[in-house]
Amino acid sequence: MKLSPKMKKALNDQITLEASASNNYLAMASWCEVTGYQGAANYFYAQSDEERTHMLKFVHFLNELGATATIPAIKAPVCSYKSLEGLIKTALKSEQTVTVAIHKMVEIAQKEKDHSTYAFLEWFVNEQVQEETKFETILQKFDLLGRDKLGINEIDKYLASEATVESDPAA
């Protein structure tokens, strides 16, 4: 199967987005760790690994089609945040950017009648619904539990439990 140049570019651009997301989450995890949010640190270390896995799915897909994936250089991520809530808002915006990119690729696949790529992208469409929902749920916790030290501590505990669930393949 031959990919159109437009689809090949979009898929390679997605590799860059996923690599950047992985790096951003790694920086977020590091900030959380040094700031004392161990639960959030564990959560974002797991998120970083997940984004790298997504990137590899795109790399393998392109390579299996003989289109050769382009491994990008990526810019350094932000390494400091004013608050845990601000960090979560940044993560949600990142996921929303990825969702838009996935949807654009789906539109290209539909327009070009590229059924193989369309089928490949379906998993990512569903994944992005889950990703955005996760971060929206975490942001709701700030309204429910508060933004004082006790509320933030509870949110950190929640993130620790979510990190455990995500890293357990049986869950």
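How do helix 1 and helix 2 run relative to each other, roughly parallel or roughly antiparallel? They are roughly antiparallel. Keep in mind as you look around that this is a predicted model.

## How the helices pack

Let's stay with that pair for a moment. Two packed helices are described by the angle between their axes and the distance between the axes. Helix 1 covers residues 5-35 and helix 2 covers residues 38-64. Their packing angle is about 165°, and the axes lie 8 Å apart. Angles over 145 degrees count as roughly antiparallel, so that is the label helix 1 and helix 2 get. Their crossing is left-handed. As for what sits in the contact of helix 1 with helix 2, the residues there split into 18 nonpolar, 8 polar and 5 charged.

Helix 2 also packs with helix 4, again at an angle of about 165°, with the axes 12 Å apart. Helix 2 and helix 4 are therefore roughly antiparallel too, and helix 2 passes helix 4 in a left-handed crossing.

## Salt bridges

How many salt bridges does a search of the whole structure find? It turns up 6. Here are some of them, including two that involve Glu 85.

| Pair | Closest N to O distance |
|---|---|
| Glu 85 and Lys 89 | 3.9 Å |
| Arg 147 and Glu 85 | 2.8 Å |
| Glu 131 and Lys 134 | 3.1 Å |

Start with Glu 85 and Lys 89. Both belong to helix 3 (residues 84-111), and being 4 residues apart there, they are separated by about one helical turn. Glu 85 counts as buried, at 14% relative accessibility, while Lys 89 is partly exposed, with a relative accessible area of 42%.

Now follow Glu 85 to its other partner in the table, Arg 147. Arg 147 lies in the loop between helix 4 (115-145) and helix 5 (149-167), whereas Glu 85 lies in helix 3, so this pair ties together parts that are 62 residues apart in sequence. Arg 147 counts as partly exposed, at 45% relative accessibility.

The remaining pair in the table sits within helix 4: Glu 131 and Lys 134 are 3 residues apart, about one turn of the helix. Are these two buried or exposed? Both Glu 131 and Lys 134 are buried. Elsewhere, salt bridges that share partners join Glu 85, Lys 89, Asp 143 and Arg 147 into one network.

## Cysteines without a bond

A disulfide is a covalent bond between the sulfur atoms of two cysteines. This structure holds 0 disulfides. Why is Cys 32 not bonded to Cys 79? The closest cysteine sulfur to that of Cys 32 is in Cys 79, and at 12 Å it is too far for a bond. The cut-off for a disulfide is sulfur atoms within 2.5 Å. Looking from the other end gives the matching picture: for Cys 79, the closest cysteine sulfur is in Cys 32, 12 Å away.

The surroundings of the two cysteines are worth checking as well. Cys 32 counts as buried, at 0% relative accessibility, but Cys 79 is exposed, with a relative accessible area of 56%.

## A look at the loops

Most residues other than glycine have a negative phi, and most peptide bonds are trans. With that in mind, take a look at Thr 68, which has a positive phi of about 55° although it is not a glycine. Thr 68 sits in the loop between helix 2 and helix 3, and it is exposed, with a relative accessible area of 51%.

Lys 113 is another residue to look up: its phi is near 55°, a positive value in a residue other than glycine. You'll find Lys 113 in the loop between helix 3 and helix 4. Lys 113 is exposed, with a relative accessible area of 63%.

Finally, go back to the loop between helix 2 and helix 3, where Tyr 81 is found. Tyr 81 counts as buried, at 13% relative accessibility. If you count 14 residues along the chain from Tyr 81 you reach Glu 95, and the C-alpha atoms of the two are separated by 18 Å.

Conventions:
Residues are numbered from 1 along each chain as its sequence is written. This is a predicted model: local features need pLDDT of at least 70, side-chain atom pairs count only at pLDDT 80 or more; totals for chains, interfaces and linings use all residues. Side-chain values use heavy atoms; hydrogens and water are left out. Axes are lines fitted to C-alpha atoms, for helices over the stretch in contact, and angles run from 0 to 180 degrees between N-to-C directions. Helices (H or I, at least four residues) and strands (E, at least two) are DSSP runs, numbered from the N terminus. Angles under 35 degrees count as roughly parallel, over 145 as roughly antiparallel, 65 to 115 as roughly perpendicular and the rest as oblique. A crossing is left-handed if the near helix is turned anticlockwise from the far one by less than a right angle, and right-handed if clockwise. Ala, Val, Leu, Ile, Met, Phe, Trp, Tyr, Cys and Pro count as nonpolar, Asp, Glu, Lys and Arg as charged, and the others, Gly among them, as polar. Buried means under 20% relative accessible area, exposed over 50%, partly exposed in between (1.4 Å probe, protein chains only). A salt bridge is a side-chain nitrogen of Lys or Arg within 4 Å of a carboxyl oxygen of Asp or Glu.
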